[in-house]
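Work through the exercises below with the sequence and the structure at hand. Each task is followed by a solution in steps.

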Amino acid sequence: MKPAPYEHRDRVRWSDCDPMGIIWYGAYPRLFEAAEFELLRSCGLSYEALRGEGGVWLPRKAFTAEYHSPAQMDEEVIVAASVTKIGTTSLTWRFEVYRASDRAHRASAQLTVVSVEKDAMVKRRIPDSVRQQLAPFIVAD
């Protein structure tokens with residue numbers, strides 16, 4: 001099976017918008033995080049299980065975003081999420097946001113997270129089981 005992005009549908013909420021009904025740039029991370037959590041859930045992982053049972057925390061290291069066109073209040077969007085790089089202790093997420101009705105490109109982002117031990121907050125190897133479960137969503141950048 002060829003790796004492909006996970007697609008999460010969401011809506012632009014009133015709290016995401018400026019007074020003109022256009023999404024505020026700082027609201028996009030909410031959409032990215034929702035897609036990240038749902039992708040993990042879809043392959044049998046969850047942050048809570050990773051943190052609790054696995055002792056793996058994935059704090060954010062780097063984030064970049066580019067905005068292509070403004071989304072509007074109540075607009076349904078598709079957030080395509082994938083993993084573009086998985087290293088020994090880090091992984092990089094890629095997010096693309098599209099208007100659901102016609103796939104107008106709204107935004108792109110990259111997020112790098114680092115696997116750390118919960119108590120010491122020192123880098124730790126990403127478990128092989130996590131790598132295997134993410135495999136369907138690892139696409140070349």
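**Exercise 1: A surface patch**

Task: Decide whether Tyr67 is buried, partly exposed or exposed in this predicted model, and place Tyr67 in its surroundings.

Solution. Tyr67 has a relative accessible area of 39%. Buried means under 20% and exposed means over 50%, so a value in between counts as partly exposed. Tyr67 is therefore partly exposed. Next, look up the element: Tyr67 belongs to strand β3, residues 60–67. Finally, look at the surface: Tyr67, Trp24 and Tyr25 make a nonpolar patch of about 370 Å².

**Exercise 2: Arg30 and Asp16**

Task: Find which parts of the chain are tied together by the salt bridge between Arg30 and Asp16.

Solution. The two side chains meet with an N to O distance of 2.6 Å. Arg30 sits in helix α1 (residues 28–42), and Asp16 in the loop between β1 (6–11) and α1, so the bridge ties together parts 14 residues apart in sequence. Asp16 is buried at 4% relative accessible area, while Arg30 is partly exposed at 27%.

**Exercise 3: Arg60 and Glu36**

Task: State how many residues apart Arg60 and Glu36 are, and classify each by accessibility.

Solution. The closest N and O atoms of this salt bridge are 2.6 Å apart. Arg60 is in strand β3 and Glu36 in helix α1, 24 residues apart. Arg60, at 39% relative accessibility, is partly exposed. Glu36, at 1%, is buried.

**Exercise 4: Glu75 and Arg106**

Task: Are Glu75 and Arg106 buried or exposed?

Solution. Glu75 and Arg106 form a salt bridge, with closest N and O atoms 3.0 Å apart. Both residues are buried.

Technical notes
Residues numbered from 1 in each chain as written. Predicted model: local features only at pLDDT ≥ 70, side-chain atom pairs only at ≥ 80, totals over all residues. Heavy atoms only, no water. Patch = residues over 30% accessible without salt bridge, like charges linked within 9 Å, V, L, I, M, F, W, Y side chains within 5 Å. Areas by Shrake-Rupley, 256 points an atom, 1.4 Å probe, with all protein chains shown as cover. Salt bridge = Lys/Arg side-chain N within 4 Å of Asp/Glu carboxyl O. Helix = DSSP H or I, 4+ residues; strand = E, 2+ residues; numbered from the N terminus. Buried < 20%, exposed > 50% of the residue type's maximum accessible area, 1.4 Å probe, protein only.
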